[in-house]
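Q: Please take a close look at the ligand site in this model, and set it in the context of the fold around it.

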Amino acid sequence: MNMTPSPTQGAASRRRRPSTWCWVSLLAALLGLPVSNSGAAEVDPAEDSGILTPPAPATPRLQGPRVTGVRKGSPFLHRVPATGERPMTFSAVGLPAGLGLDPKTGIITGRVDQEGTSVVTLTAVNAQGRDSRTLRIVVGTTLALTPPMGWNSWYIHYDRVSDRIMREAADQMVATGMADYGYEYVNIDDCWMVKVDSKDPELGGEVRDADGRLRPNRRFPDMRAMTEYIHARGLKAGLYTSPGPKTCAGFAGSYGHEALDARTFADWGFDFLKYDWCSYTEKAGGKELEHMVKPYRLIWSELQKQSRDIVHNLCQYGMADVWTWGGTVGNCWRTTGDLGLENAGRLPAFYSIGLSNARHAEHAKPGGWNDPDYILIGWVGNAHKMGEGTRTTLTPLEQYSYMSMWSLMAAPLIFSGDMARLDAFTLNILCNHEVIDLNQDPLGRQARIVRKSEQELVMVKELEDGSRGIGLFNLGEAPASVKVSWAEAGLSGGRYAIRDVWRQKDLVESESGFESRIGRHGVRLVRVRAAGRP
Ligand code: GLA
């Protein structure tokens, strides 16, 4: 088994002043890095901040999903994710007839009238250099060929959400660079409609208009204009409703109006619908499987009739083993209760929710994903009180574990903290293109757990190119070593190269496996390839 040397470790410890040794040692212990006998931490200077993701180079780097699906005749919208100095010029070879690329923004739009797959070569050029890579555009019947990525308003804005907040979130997705990594959905959660029986002049009023159309509350004066604003930035817009008469927060739901509501959402220009069970219990008429599936099948069939693509996110907290049938009526399905309401035990809530979600790995596939809920880091509100935001109490190592787990599990990557208060550390967690590559891998496999005890967890994700994403997690309260053998990882005998995905650094090669010392609740995330392969 090999430890993980860092090429700069020696130099870093020589450069460090003695007065900083103490806190650096502490940081190294937190990060699970080796500490030398002299007490000097063997830690890369760039890691002093806790930030592991290297800054993106000035040269263009194309990233994000390698495959995307659209239905025949539906509007296509794809903002090519790329980092690097602007201005940048984009070009594409092999676009299917009907699609065009704006060379300045890298936004592809249009409609395709024929089913089929096109392998498009994208190129980005700036003053510093160029990059090319392929994107498969599959015109067919399946959406969400990779897990959806984006932002959702719930855990920071609750019933304060507004048109202004959603537009600002779209701007922030571009300005912070999140869109350059593939984040694209800007999703309103609950509380955009009229609140039933509310006296609040902004939230109350008639639930539907004279034609039965659902009315947004006064904070959303023009839904169509709002989605156009989001689309103009190359991003997509999502919203939320319930199959019941009321949403979980007591706003108007879609019960009895499903066909009209699906049409309204399409007319308004939405691309994503979260359909949250909430008050549907009173209408379900039973607890058998058929009662559980019925509302989701109904809205799914209505969504199929629309002339635009709407990704369907089931939210019913894992009832009736939704992972076994969610893929027949939707594109992703919540497998558990709300992460923000989960009581943290010894381990933070994302660990218990993640471990529940991990059990259903065999059901994830392109077009249908297990959804363990949102990424709650940065500034997030208290869900119990629908309160204002405060900084996450998760340690840096726990945040690396959270994002690593979600990536390995091919979970939708939906951030739900405050877009206006994204700091460098939070962005380093959300925007590491090699971590995101594990999540967006076109094979669409969810990691399986190969070992789990009170102290450790090992997850392995099979990737399209035959390599493996492997997460070694320390679930214990003190730094500890965690290992994996190639046999456990499903790799046949031979020599394998190990790459540290967070640090984007090649480590060592090994014929047997890998072992790393990891800090409390932390992770070592690696990608393992047959040695000698790119
Ligand atoms: C439920 C869902 C949450 C959120 C709220 C909104 O609790 O699980 O994700 O959408 O409803 O009321």
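A: **The ligand site and its setting**

In this predicted model, the domain assignment divides the protein chain into domain 1 (1-59 + 394-413 + 420-534), domain 2 (66-140) and domain 3 (149-330). Between domain 2 and domain 3, the C-alpha centres are 28 Å apart, and the two are in contact through 13 residues of domain 2 and 17 residues of domain 3.

Turning to the ligand itself, the residues around it are Trp154, Asp189, Asp190, Tyr240, Cys248, Ala249, Lys274, Asp276, Cys315, Tyr317, Arg334 and Asp338. By character this shell splits into six nonpolar and six charged residues, with no polar ones. Three of the charged side chains can be followed to oxygen atoms of the ligand: a polar side-chain atom of Asp190 lies 2.7 Å from one such oxygen, a polar side-chain atom of Arg334 lies 3.1 Å from a ligand oxygen, and an N or O atom in the side chain of Asp338 is 2.5 Å from an oxygen of the ligand. The ligand taken alone exposes 310 Å², of which the protein buries 93%.

As for the wider packing, the largest nonpolar core holds 105 residues, and the members that touch the most others are Trp151, Met178, Tyr183, Ile188, Trp192 and Trp406. Because domain 1 and domain 3 both give residues to this core, it lies between them. A second core, separate from that one, has 17 residues, among them Val70, Val80, Ala82 and Val112. In soluble globular proteins, nonpolar side chains tend to be buried together.

Notes. Residues numbered from 1 in each chain as written. Predicted model: local features only at pLDDT ≥ 70, side-chain atom pairs only at ≥ 80, totals over all residues. Heavy atoms only, no water. Core = buried A, V, L, I, M, F, W, Y, C linked by side-chain atoms within 4.5 Å. Buried < 20%, exposed > 50% of the residue type's maximum accessible area, 1.4 Å probe, protein only. Domains from an automatic or database assignment. Near = heavy atom within 4 Å. Polar contact = N/O pair within 3.5 Å; in protein donor to acceptor, adjacent residues only side chain to side chain. Areas by Shrake-Rupley, 256 points an atom, 1.4 Å probe, with all protein chains shown as cover. Nonpolar A, V, L, I, M, F, W, Y, C, P; charged D, E, K, R; others polar. Contact = heavy atoms within 4.5 Å.
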